[in-house]
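Visitor: I have not looked at this structure before. Please show it, and then I will ask about its parts in turn.

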Number of protein chains: 2
Amino acid sequence: MDQAKIFNAFMIHKGLKTTNQRKAILNSFLHSRSHCSTEDLYLKLRKKHPKIGYATVHRTLKLLVECGIAIEQNFGDGHARFEPLRADSHHDHLVCQQCGLIIEFEEPQIEELQNQVAAAYQFTIRNHRHELYGLCFRCARK
Amino acid sequence: MDQAKIFNAFMIHKGLKTTNQRKAILNSFLHSRSHCSTEDLYLKLRKKHPKIGYATVHRTLKLLVECGIAIEQNFGDGHARFEPLRADSHHDHLVCQQCGLIIEFEEPQIEELQNQVAAAYQFTIRNHRHELYGLCFRCARK
DNA sequence: AAAGAAATTGAAAATCGATTTCAAAGAATA
DNA sequence: TATTCTTTGAAATCGATTTTCAATTTCTTT
């Protein structure tokens, strides 16, 4: 089942309507670079749909999070960012504080150690965030 | 060198003045439970110093971060939190989404794996955040 | 101790991103 | 088509943070 279908099914389930704006926003989101902010997506959409409103983009992104197509991230610059959520793989992030580059990484051993830590405190993990901030290869040379 | 001295040295270095308010805020901060918000500290201080302003607490906390006595954290509830920074030890957090309990943990193996990940991407880590969100022991039972 | 120069204070206002309101427009159903 | 309900976009609101500014305090120099 692709994301458009997941979205449709969710909309029907909630008694909501699949409008042209929502379709355009979903489509644009899926074809954007990852980790885009509401503003990024809004500006991009304006080019093809000059009358679309910021509020609609915002509301639709929230819907995408609600139905599991997107995940909301925050890397400390005061702008919520959204990225497509793939069911199969989890990853964390390296964030360059100079140029804003975001690198995704996966490290199953860290996940395993995390689980051990949580178990030691009898803590039930629902989700986590793990971000390494610093300088990417390029910026470190300058 | 204790924190009051670090603070004094920093203030002199920057040409700033060590006022009674700043001393009171530093002192109250150091004797507060960890992870207090600006508001927490402001309300606590009001009891002994009824005329102190929120803005002053805010500005002083920023100074404490700047001179390395405090670190700013954000656990996603919309309130920045501050905790005393000890030079010797680093820790990460488990955050209960039900009752707000914050548990600190240290796991050197995770730190080591982090360094390996960064090295693989030729990335220079300046700092990181690693938080596990979910339910604490008590809340999971309910 | 008093005066002058400069920084600090607290109340209120401004800011910033996120969110909500509301009247008009649009979709779905009968 | 009429009715009902949802959605839209502009503007208003929200809540935390940050800044402004006139009055006060601190620090230095007499």
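Visitor: Which residue has a side-chain N or O atom 2.9 Å from a phosphate oxygen of DNA strand D?

Guide: This is a predicted model, and the distances are computed from it. Two residues of chain B can be compared here. Ala80(B) comes 2.8 Å from a phosphate oxygen of strand D, but with a polar backbone atom. The side-chain N or O atom at 2.9 Å from a phosphate oxygen belongs to His79(B).

Visitor: What does the polar backbone atom of Gly78(B) approach on DNA strand D?

Guide: For Ala80(B), the partner of the polar backbone atom is a phosphate oxygen. For Gly78(B), the distance is 3.2 Å, and the partner on strand D is a sugar or linking oxygen.

Visitor: Which element gives the largest share of the surface near DNA strand D?

Guide: The elements that supply two or more residues there are α2 (20–30) and α4 of chain A, together with α4 of chain B. The largest share is 5 residues, and it comes from α4(B).

Visitor: How many of the residues near DNA strand D are polar?

Guide: Around strand D there are 22 residues, and among the nearest are Arg22(A) and His58(B). By class, 6 are nonpolar and 7 are charged, while the polar ones number 9.

Visitor: Which residues come closest to DNA strand C?

Guide: Strand C is surrounded by 20 residues. They divide into 6 nonpolar, 7 polar and 7 charged. The closest are His58(A), Thr19(B), Arg22(B), Thr56(B) and Arg59(B).

Visitor: Which residue has a side-chain N or O atom 2.6 Å from a base nitrogen of DNA strand C?

Guide: Of the strand C atoms within 4 Å of the protein, 74% belong to sugar or phosphate, and the rest belong to bases. Arg22(B) places a polar side-chain atom 2.4 Å from a phosphate oxygen, and a backbone N or O atom of Gly78(A) lies 3.1 Å from a sugar or linking oxygen. The base nitrogen is approached at 2.6 Å by the side chain of Arg59(B).

Visitor: Which element gives the most residues to the surface near DNA strand C?

Guide: At least two residues each come from α4 (54–66) of chain A and from α2 (20–30) and α4 (54–66) of chain B. The element that gives the most, with 5 residues, is α4(A).

Visitor: How is α1 of chain A placed against α4(A), roughly perpendicular or roughly parallel?

Guide: Helix α1 (residues 3–14) packs against α4(A) with the axes 10 Å apart and an angle of about 95° between them. Angles of 65 to 115 degrees count as roughly perpendicular. The placement of α1(A) against α4(A) is therefore roughly perpendicular.

Visitor: How many nonpolar residues are in the contact of α1(A) with α4(A)?

Guide: From α1(A) come Phe7(A), Phe10(A), Met11(A) and Lys14(A), which meet Thr60(A), Leu63(A), Leu64(A) and Glu66(A) of α4(A). The contact has 1 polar and 2 charged residues, and the nonpolar residues number 5.

Visitor: What kind of axis relates the two copies, chain A and chain B?

Guide: Chain A superposes on chain B with an RMSD of 0.2 Å after a rotation of 179°, with 0.0 Å of shift along the axis. The two copies are therefore related as by a two-fold rotation axis.

Visitor: In chain A, which residue has the C-alpha nearest the axis?

Guide: Both copies use the same surface, and 100% of the contact residues of chain A recur in chain B. The C-alpha of chain A nearest the axis is 2.1 Å from it and belongs to His130(A).

Definitions and conventions. Residues numbered from 1 in each chain as written. Chains lettered and ligands numbered in written order. Predicted model: local features only at pLDDT ≥ 70, side-chain atom pairs only at ≥ 80, totals over all residues. Heavy atoms only, no water. Near = heavy atom within 4 Å. Polar contact = N/O pair within 3.5 Å; in protein donor to acceptor, adjacent residues only side chain to side chain. Helix = DSSP H or I, 4+ residues; strand = E, 2+ residues; numbered from the N terminus. Nonpolar A, V, L, I, M, F, W, Y, C, P; charged D, E, K, R; others polar. Least-squares fit on C-alpha atoms with pLDDT ≥ 70 in both. Contact = heavy atoms within 4.5 Å. Axes fitted to C-alpha atoms, helices over the stretch in contact; angles between N-to-C directions. Parallel < 35°, antiparallel > 145°, perpendicular 65-115°, else oblique.
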